[in-house]
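Reader: Please take a close look at one part of this model for me. I would like the metal site, with its geometry and surroundings.

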Amino acid sequence: MTIGFEVLAADGMARTGRLTTAHGVIETPTFMPVGTAATVKAMTAEGVAATGARIVLGNTYHLMLRPGAERIAALGGLHKFMNWPHAILTDSGGFQVMSLASLRTISEEGVAFRSHLDGSKHLLSPERSVEIQRLLGADFTMAFDECTPFPAERAQVEASMELSMRWAERSRAAFTERPGHGIFGIVQGGVHPDLRRRSAERLVGIGFDGYAIGGLAIGEGQETTFAMIEATVPYLPTDRPRYLMGVGKPADLVGAVKRGVDMFDCVLPTRSGRTGQAWTRQGSLNLRNARHAEDPAPLDPECRCPACTGHSRAYLHHLTKAGEILASMLLTAHNLTYYTDLMRDLRTAITEGQVAQFELPYPA
Ligand SMILES: [Zn+2]
């Protein structure tokens, strides 16, 4: 028995459903906070759960280098290590090895590289990536892929996608079936609809527990992102979850949900929380701005998070200006709560057949 997925209601291309994993049930559409180094930055595990999140993302590249996958396995796995009882999805390391490591050499075998931390030599291959994700104890394993640079010539995009498809096949073969655990393939193909379709069909031919759309939101613009989702989703099975990787702003999520995406991850709500930016039902704002200095109103009167129920905009402005750690903690908790509630409200809109009218900013 792999990851369970049941579609509960559909509205146009959008659908709401339920994922069943070894670490609990997740309602979709869902947003996954990013816990890069076995922590969602500025948050306790209890705080993350209090936002309503029931799945977080861990980064294979970071964890393999520090503290090491074997060490985490010896300590009982990533769930126990970070005291997170709910589900975990790990990325494959493919994206970050390209963006962070030095002296990379890509071959058919995989990516040889030096650590950005200490210069030590490593090899990430499909087999090693899947092994690391098993050692971490991920409920959701991602196939190892190459993130194609953008912009790139079509021939380069095609060759990169074909390499990722061969790696997907090896990743699938290396995956050990366990109850409540699954592996996702990743659709590549840049901004070319025919390559996206070919990639999707290749992955479906291999057979995965879910399908991710990768290599987007890297500078192509929202209109193209949406067009690539539309070029991919029709070739994916309706009874398996779809995950748009690394996206994005609230408006990106709404547009992608309307086009049939079920799962998201992005550093934006957490990273922005550490720089004073917040999303509210009235739009986004920056707490560093002096106009908040004497404002006794809450950040978002409709929000249930600790920043909004206990504090004024003036206080949050003060903490942000003073560089206090609490500013990062409260604004991260707020932004994650906003994203979680946005997903909840989208699920309700889908159930009620109202998703086409769902726009941002939106009334509660
Ligand atoms: Zn709030």
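**The zinc site**

Author: This is a predicted model. The four donor atoms around the zinc ion subtend angles of 98 to 115°. All angles between 85 and 135 degrees count as tetrahedral, so the arrangement here is tetrahedral.

Which atoms coordinate the zinc ion? Three are sulfurs: the SG atoms of Cys303, Cys305 and Cys308. The ND1 atom of His334 completes the set. The coordination distances run from 2.0 to 2.3 Å.

Now the sequence. The donor residues follow the spacing C-x1-C-x2-C-x25-H. One residue lies between Cys303 and Cys305, and two lie between Cys305 and Cys308. A stretch of 25 then leads to His334.

Are Cys305 and Cys308 buried or exposed? Buried means under 20% relative accessible area. Cys305 has 2% relative accessibility, so Cys305 counts as buried. Cys308 has a relative accessible area of 7%, and therefore Cys308 is buried too.

One last check concerns sulfur pairing. How many disulfides does a search of the whole structure find? The search finds zero. Cys303, Cys305 and Cys308 instead appear as SG donors to the zinc ion.

Conventions: Residues are numbered from 1 along each chain as its sequence is written. This is a predicted model: local features need pLDDT of at least 70, side-chain atom pairs count only at pLDDT 80 or more; totals for chains, interfaces and linings use all residues. Side-chain values use heavy atoms; hydrogens and water are left out. Donors are N, O and S atoms within 2.8 Å of the metal (3.2 Å for Na, K and Ca); water is not among the atoms, so sites may look incomplete. Four donors count as tetrahedral if all angles lie between 85 and 135 degrees; four count as square planar and six as octahedral if opposite donors are over 155 degrees apart and all others between 65 and 115; anything else is irregular. Buried means under 20% relative accessible area, exposed over 50%, partly exposed in between (1.4 Å probe, protein chains only). A disulfide is a pair of cysteine sulfur atoms within 2.5 Å.
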